[in-house]
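Here is a set of short exercises to work through with the model open in your viewer. Try each task before you read its solution.

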Amino acid sequence: MLETKVCIIGAGPAGATTALQLAYMGIPCLVVDKSVFPRDKVCGDGLSGKVLTLLSRIDKGIAERLQQFVFKEDSWGITFVAANRMGINIPYKPNYAKLPGEPRGFVCKRIHFDNFLVDELKRCPQVQLIEGKAITKYELLPDGYLLTDATGSIQIKTQLVIAANGAHSGFTKEVANIHMEPAHYVAGIRAYYSGISGMHPDNLVELHFLKNVLPGYFWIFPLPNGEANVGIGMLSKVARRRKVNLKQLLLDTVQHDEILKERFKDATLLGSIDGYGLPLGSKKRRLSGERYMLVGDAGFLIDPFTGEGIGNAMYTARMAAEQAAACIAADNYTAAAMMAYDENVYRVLGPELKMSTKLQKLIRYPWLFNMLMRMSARNKELQELMSCMFHEVDVRKKLVKPQFYLRLLLGR
Ligand SMILES: Cc1cc2nc3c(=O)[nH]c(=O)nc-3n(C[C@H](O)[C@H](O)[C@H](O)COP(=O)(O)OP(=O)(O)OC[C@H]3O[C@@H](n4cnc5c(N)ncnc54)[C@H](O)[C@@H]3O)c2cc1C
């Protein structure tokens with residue numbers, strides 16, 4: 001039997017970041033993960049500027065070590081390809097100079113990135129990490145939670161539970177009563193390839209809004225050593241209705257698509273094609289209750305338009321750690337006290353999630369997206385606007401207003 005004030009279930013980006021922030025505040029915690037690190041996680045491996053921003057807020061040293069990390073590939077922007085196959089390169093920052101430490105984004109296999117974070121945890125004496133134990137039983141007692149692993153080999157008595165155990169979190173289902181809804185969930189698959197031709201020299205990540213994948217997309221994200229993460233994400237509701245076999249769709253796309261087949265002609269599939277769910281933040285949910293908070297994918301917080309979940313997982317992790325500190329200081333773990341966490345999450349991420357939900361609906365209309373691409377190719381101002389879309393909520397607000405398209409059409 002172990003005793004702690006804070007137990008974090010899961011040591012992925014959400015759990016590890018929560019523990020790092022707690023350690024920074026001098027609060028000990030126990031982190032338990034069902035896997036032994038390094039472990040893989042199915043993902044596009046794309047990391048936005050949010051990740052470095054957040055890590056440097058916790059501890060500049062961690063952000064600097066990540067900047068030096070050899071397993072990542074710096075990326076300088078995004079290539080959008082519309083359904084009409086018109087492509088446009090949008091840098092994260094206009095007129096970038098490719099200075100070291102400058103890139104707003106990078107791509108890093110999760111087996112390496114998550115292990116980087118876990119290594120950082122191992123540097124913190126306040127963090128006790130238990131690997132290879134899956135927590136499957138959660139019992140609320142008058143003075144805390146009693147957590148038990150699947151084999152009954154460990155029991156943890158804790159004042160507060162932070163559930164960071166990802167998209168398939170049993171805690172989220174059983175305790176928070178949040179369930180998968182196909183309209184707010186994406187089915188995703190990814191494969192690793194080497195030898196794809198035609199990659200951009202500045203490692204732009206590619207989003208192909210192919211007609212048969214909308215309202216999702218096919219992606220190619222460049223990795224070190226000439227490898228790339230290739231995948232497809234599609235709204236589960238649509239995938240079910242169309243009875244899509246995503247793995248087959250990926251293989252068909254790289255083998256038969258008019259444009260992509262040329263680029264994949266000499267490419268090699270490395271390993272298997274694997275899938276996992278993306279719980280979207282397109283619906284507001286209760287993220288906490290008596291003695292618990294949900295962070296990252298366990299709280300269904302992935303951006304519904306970009307599919308970005310790591311940044312949001314890390315942002316909510318830091319907020320949960322701050323809330324945990326407040327609960328400990330006040331010795332108050334009631335559902336009412338915990339509500340401050342929900343308010344904080346939706347104050348910070350809510351506007352962005354709302355805008356992305358609207359954008360996700362918009363891209364169901366390929367003609368609209370085609371038009372945006374055609375116009376952007378000729379219009380520098382519009383290109384710059386699109387490059388800000390990924391990190392500025394005000395820009396997304398513009399993109400979901402009908403007047404915006406009307407003005408574009410009228411050329412004003
Ligand atoms: C196909 C696909 C592509 C994606 N592409 C991107 C992308 O390019 N960029 C991006 O930002 N996001 C992407 N995402 C989303 C991203 O992968 C998630 O948002 C992110 O992993 C969330 O981190 P997390 O820490 O909340 O959960 P996870 O990373 O899932 O970590 C959860 C941890 O909990 C552990 N765990 C699970 N159950 C238990 C248990 N019972 N007991 C103990 N431990 C447990 C697991 O072993 C794991 O280590 C993608 C997702 C998918 C499926």
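A polar contact is a pair of N or O atoms within 3.5 Å. Keep that cut-off at hand for the first exercise, and remember throughout that the model is predicted.

**Exercise 1. The ligand and its shell**

Task: Find which residues come nearest to the ligand, how far an oxygen atom of the ligand is from the side chain of Arg-39, and which element gives the most to the shell.

Solution.

Step 1. Begin with the neighbours. There are 39 residues around the ligand, and those that come nearest are Asp-33, Gly-44, Gly-46, Arg-110 and Asp-297.

Step 2. Turn to the polar atoms. The side chain of Arg-39 has an N or O atom 2.8 Å from an oxygen atom of the ligand, which is within the 3.5 Å cut-off. Backbone atoms take part as well: a polar backbone atom of Pro-13 is 3.2 Å from a ligand oxygen, and for a backbone N or O atom of Ile-310 the distance to a ligand oxygen is 3.0 Å.

Step 3. Look at the cover. On its own the ligand has 1,000 Å² of accessible area, and the protein covers 94% of it.

Step 4. Assign the shell to elements. At least two residues each come from α1 (13–24), β2 (29–33), β12 (185–194), β14 (217–222), β16 and α9 (310–330). The strand that gives the most is β16, with three residues.

**Exercise 2. The sheet of seven strands**

Task: Write down the strand order of the open sheet of seven strands, and say which strands are at its edges.

Solution.

Step 1. Trace the sheet from one side to the other. The order reads β6-β5-β13-β14-β15-β12-β16, and the pairing is mixed.

Step 2. Pick out the edges. Strands β6 (87–91) and β16 (268–279) each pair on one side only.

Step 3. Check the twist. Ignoring direction, neighbouring strands of this sheet are turned by 20° against each other on average.

Step 4. Zoom in on one pair. Five bridges link β5 (residues 77–81) with β6 in the antiparallel sense, and Thr-79 has Asn-89 in β6 as its bridge partner.

**Exercise 3. The sheet of three strands**

Task: Explain why one side of β3 and of β4 is left without a neighbour in the sheet, then decide whether Cys-108 is buried or exposed.

Solution.

Step 1. Read off the order. This open sheet runs β3-β7-β4, with antiparallel pairing.

Step 2. Count partners. Both β3 (46–47) and β4 (72–75) are edge strands with a single partner strand, so each has one side with no neighbour in the sheet.

Step 3. Follow the pairing of β4. Strand β7 (residues 105–108) runs antiparallel to β4 and is joined to it by four bridges; Ser-75 has Gly-105 in β7 as its bridge partner.

Step 4. Move along to Cys-108, which lies in β7. Buried means under 20% relative accessible area. Cys-108 has 0% relative accessibility, so it counts as buried.

**Exercise 4. Strand β11 and Thr-158**

Task: Work out which strands pair with β11 in the parallel sense and which pairs with it in the antiparallel sense; then find what the side chain of Thr-158 reaches.

Solution.

Step 1. Start with the parallel partners. Strand β1 (residues 2–9) pairs with β11 over seven bridges, and Thr-4 stands opposite Thr-158 there. Strand β18 (residues 292–294) also runs parallel to β11, joined by three bridges, with Met-293 in β18 as the bridge partner of Ile-162.

Step 2. Add the antiparallel partner. This is β10 (residues 144–149), which pairs with β11 over four bridges; Leu-146 has Lys-157 in β11 as its bridge partner. In the hairpin of β10 and β11, five residues lie between the strands, and Gly-152 takes a positive phi near 75°.

Step 3. Consider burial. Seven of the nine residues of β11 are buried, so this strand is largely enclosed by the rest of the structure. Thr-158, in β11 (residues 155–163), is buried with a relative accessible area of 1%.

Step 4. Finish with the side chain. A polar atom of the Thr-158 side chain lies 3.1 Å from the backbone oxygen of Lys-5, and this side chain reaches the backbone nitrogen of Cys-7 at 3.2 Å.

Conventions
Residues numbered from 1 in each chain as written. Predicted model: local features only at pLDDT ≥ 70, side-chain atom pairs only at ≥ 80, totals over all residues. Heavy atoms only, no water. Pairing = 2+ DSSP bridges. Axes fitted to C-alpha atoms, helices over the stretch in contact; angles between N-to-C directions. Near = heavy atom within 4 Å. Polar contact = N/O pair within 3.5 Å; in protein donor to acceptor, adjacent residues only side chain to side chain. Areas by Shrake-Rupley, 256 points an atom, 1.4 Å probe, with all protein chains shown as cover. Buried < 20%, exposed > 50% of the residue type's maximum accessible area, 1.4 Å probe, protein only.
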